[in-house]
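This briefing introduces a structure to a reader who has not met it before. Please look over the sequence and the model before turning to the points below.

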Amino acid sequence: FVHYTIKMPRTAQLHIKDYKSKTKISDLSADVELNTYKGEVEISNFEGAIDLETYKGEVDVVFSKLTGGSRFETYKGDVRISLPGKSGFELDSDFGRRTDFTSDFDVQTRYRDRKRREVDYYGSVNGGGPRLQLKSEKGTFRLRQS
């Protein structure tokens with residue numbers, strides 16, 4: 001096993017591509033691009049925008065402030081996103097029928113196919129703001145207020 005500790009300026013952009021790693025990021029005020037196959041990702045006290053893709057990973061992101069458009073995509077992973085309760089954003093989701101989604105925020109629902117129960121969630125939250133895009137085929141998304 002290999003263990004890396006990387007220290008960098010809070011405002012430097014971060015790009016990570018990994019396979020089955022445990023990744024912990026904290027106190028960053030910059031954009032992040034992260035791609036992991038089956039990794040575990042924990043991001044705390046984050047102020048910025050994120051572009052995150054995982055196949056089957058476990059992701060926990062706690063924003064202190066969402067400052068730009070962000071995208072989360074998983075095939076069948078577990079993604080938890082926490083935002084301050086008064087955060088404004090534009091929610092846009094593209095979920096397969098086996099995706100599980102819960103939200104502490106008031107979001108709008110759109111049924112694409114009532115028979116197959118494919119549901120998307122969208123709309124302005126708290127007056128709108130940066131775009132928050134969520135996509136999954138079979139995963140789990142939890143959108144929480146912190």
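A salt bridge here is a side-chain nitrogen of Lys or Arg within 4 Å of a carboxyl oxygen of Asp or Glu. The model under discussion is a predicted one. By the salt-bridge rule, the count comes to seven. The points below take up some of these pairs, then a strand with two faces, and lastly a patch on the surface.

**Salt bridges**

- Side chains of opposite charge can pair when their charged atoms come close.
- Asp78 and Arg80 form one such bridge, with 2.8 Å between the closest N and O atoms. Asp78 is partly exposed at 25% relative accessibility, and Arg80 is partly exposed at 28%.
- Salt bridges with shared partners also link Asp51, Glu53, Arg71 and Glu73 into one network.
- Within this network, Asp51 pairs with Arg71, their closest N and O atoms lying 2.8 Å apart. Asp51 belongs to strand β5 (residues 50-54) and Arg71 to strand β7 (residues 70-74), so this bridge ties together parts that are 20 residues apart in sequence.
- Arg71 forms a salt bridge with Glu73 as well, and here the closest N and O atoms are 2.5 Å apart.
- Asp51 has a relative accessible area of 29% and is therefore partly exposed. Arg71, at 22%, counts as partly exposed, and Glu73, at 23%, is likewise partly exposed.

**Strand β9 and its partners**

- Strand β9 (residues 89-95) has a covered face made up of Phe89, Leu91, Ser93 and Phe95. Its uncovered face consists of Glu90, Asp92 and Asp94.
- Strand β12 (residues 118-125) runs antiparallel to β9, and four bridges join the two. Leu91, from the covered face, has Gly123 as its bridge partner in β12.
- Strand β13 (residues 131-136) pairs with β9 in the parallel sense, over six bridges. Asp92, from the uncovered face, stands opposite Gln133 in β13.

**Nonpolar surface patch**

- Val2, Tyr4, Ile6 and Met8 form a nonpolar patch on the surface. Together these residues have about 490 Å² of accessible area.
- Ile6, one of the patch residues, is found in the segment before β1 (14-18).
- Is Ile6 buried or exposed? Ile6 counts as exposed because its relative accessibility is 66%, and the cut-off for exposed is over 50%.

Notes. Residues are numbered from 1 along each chain as its sequence is written. This is a predicted model: local features need pLDDT of at least 70, side-chain atom pairs count only at pLDDT 80 or more; totals for chains, interfaces and linings use all residues. Side-chain values use heavy atoms; hydrogens and water are left out. Patches are made of residues with over 30% relative accessible area and no salt bridge: like charges are joined within 9 Å, nonpolar side chains (Val, Leu, Ile, Met, Phe, Trp, Tyr) within 5 Å. Accessible areas come from the Shrake-Rupley method with a 1.4 Å probe; for residues, only the protein chains shown count as cover. Buried means under 20% relative accessible area, exposed over 50%, partly exposed in between (1.4 Å probe, protein chains only). Two strands pair if DSSP finds at least two bridges between them.
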